[in-house]
Amino acid sequence: MRFEKSSGIKVKVLPEQRQFVAAADMITAALQKENVIGYDIFDGEQLVGFVMLRKYDDEETGETRWFLWEYAIDSAFQGRGYGKKALVEIIDFMRRDFDMKIMTTTYIWGNEAAKNLYESMGFAETDVVDEPDCHEVNMIYRCE
């Protein structure tokens, strides 16, 4: 897999998955921030996915962490193992090129595909945000 810097999301998800991915204009705006990076994910010459990460310092520990903000595999490539394969390689890439020690993420309550993927990778649930406009599960992955 290959990662190329991205200025915005180019992949398409299934209609029922759109609620789990931020709007393209929000992603483009976020990618303008200094602490946010995004990559198009390629298998050979074929665009198969997109990832966006945000660097931040944990307020309690002072540790630098990376938040897996957006992650999507194009609908044409779903169900072929790209989600897990690409995430393994993203984590390795971030460890190698950015000295990442901790990755956090969230998934929207009800997104069972995301939950299953993250749990299969070793992400652990830290807490649940259950507010009127937000139902998310927070997760953490520690690189060892």
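In this predicted model, the loop between α2 and β5 contains D99, a residue other than glycine whose phi nevertheless takes a positive value, near 55°. The two elements that this loop joins belong to a chain whose secondary structure comes to 3 helices and 7 strands, and these follow one another from the N terminus in the order β-α-β-β-β-α-β-α-β-β. The radius of gyration of the chain is 15 Å, close to the 15 Å that the globule rule gives for 144 residues, so the chain is as compact as a globular protein of that length. Taken along the principal axes, the box filled by the C-alpha atoms comes to roughly 40 × 35 × 30 Å.

The 7 strands form an open sheet of mixed pairing, in which the order is β1-β2-β3-β4-β5-β7-β6. At the edges of this sheet stand β1, with residues 2-5, and β6, with residues 124-131, each of which pairs on one side only. Neighbouring strands of the sheet are turned against each other by 30° on average, when direction is ignored.

Within the sheet, two of the pairings may be described in turn. Strand β4, which spans residues 64-73, pairs with strand β5, residues 102-108, in the parallel sense over 3 bridges, and here F67 stands opposite T104 of β5. In contrast to this parallel pairing, β6 and β7 run in the antiparallel sense and are joined over 7 bridges. These two strands form a hairpin, with 2 residues between them, and V128 has as its bridge partner V137 in β7.

Two of the helices can be placed relative to the strands. Helix α2, made up of residues 82-98, packs on the sheet and touches β1, β2 (36-43), β3 (46-57), β4, β5 and β7 (134-142), while the direction of α2 makes about 150° with that of β4. Helix α3, residues 112-121, lies across β4, β5 and β7 and runs at about 155° to β5. Contacts with β4, β5 and β7 are thus described for α2, and α3 likewise lies across these strands.

Attention then turns to the open space in the model. The largest pocket has a volume of about 700 Å³, and 29 residues line this pocket, of which Y71, A72, N111, A114 and Y118 are the closest to its centre. The elements that contribute two or more residues to the lining are β4, α2, β5 and α3, with the largest share, 7 residues, coming from β4. By residue class, the lining of the largest pocket divides into 17 nonpolar, 8 polar and 4 charged residues. Strand β4 therefore appears in several parts of this description, since β4 pairs with β5 in the sheet, is touched by α2 and gives the largest share of the pocket lining.

Conventions
Residues numbered from 1 in each chain as written. Predicted model: local features only at pLDDT ≥ 70, side-chain atom pairs only at ≥ 80, totals over all residues. Heavy atoms only, no water. Pairing = 2+ DSSP bridges. Helix = DSSP H or I, 4+ residues; strand = E, 2+ residues; numbered from the N terminus. Axes fitted to C-alpha atoms, helices over the stretch in contact; angles between N-to-C directions. Contact = heavy atoms within 4.5 Å. 1 Å grid on protein atoms, 1.4 Å probe; cavity = no way out; pocket = protein on both sides within 12 Å on 5 of 7 lines; lining within 4 Å. Points joined across faces, edges and corners; volume = space filled by probe spheres on them. Nonpolar A, V, L, I, M, F, W, Y, C, P; charged D, E, K, R; others polar. Rg over C-alpha atoms; globule rule 2.2 N^0.38 Å.
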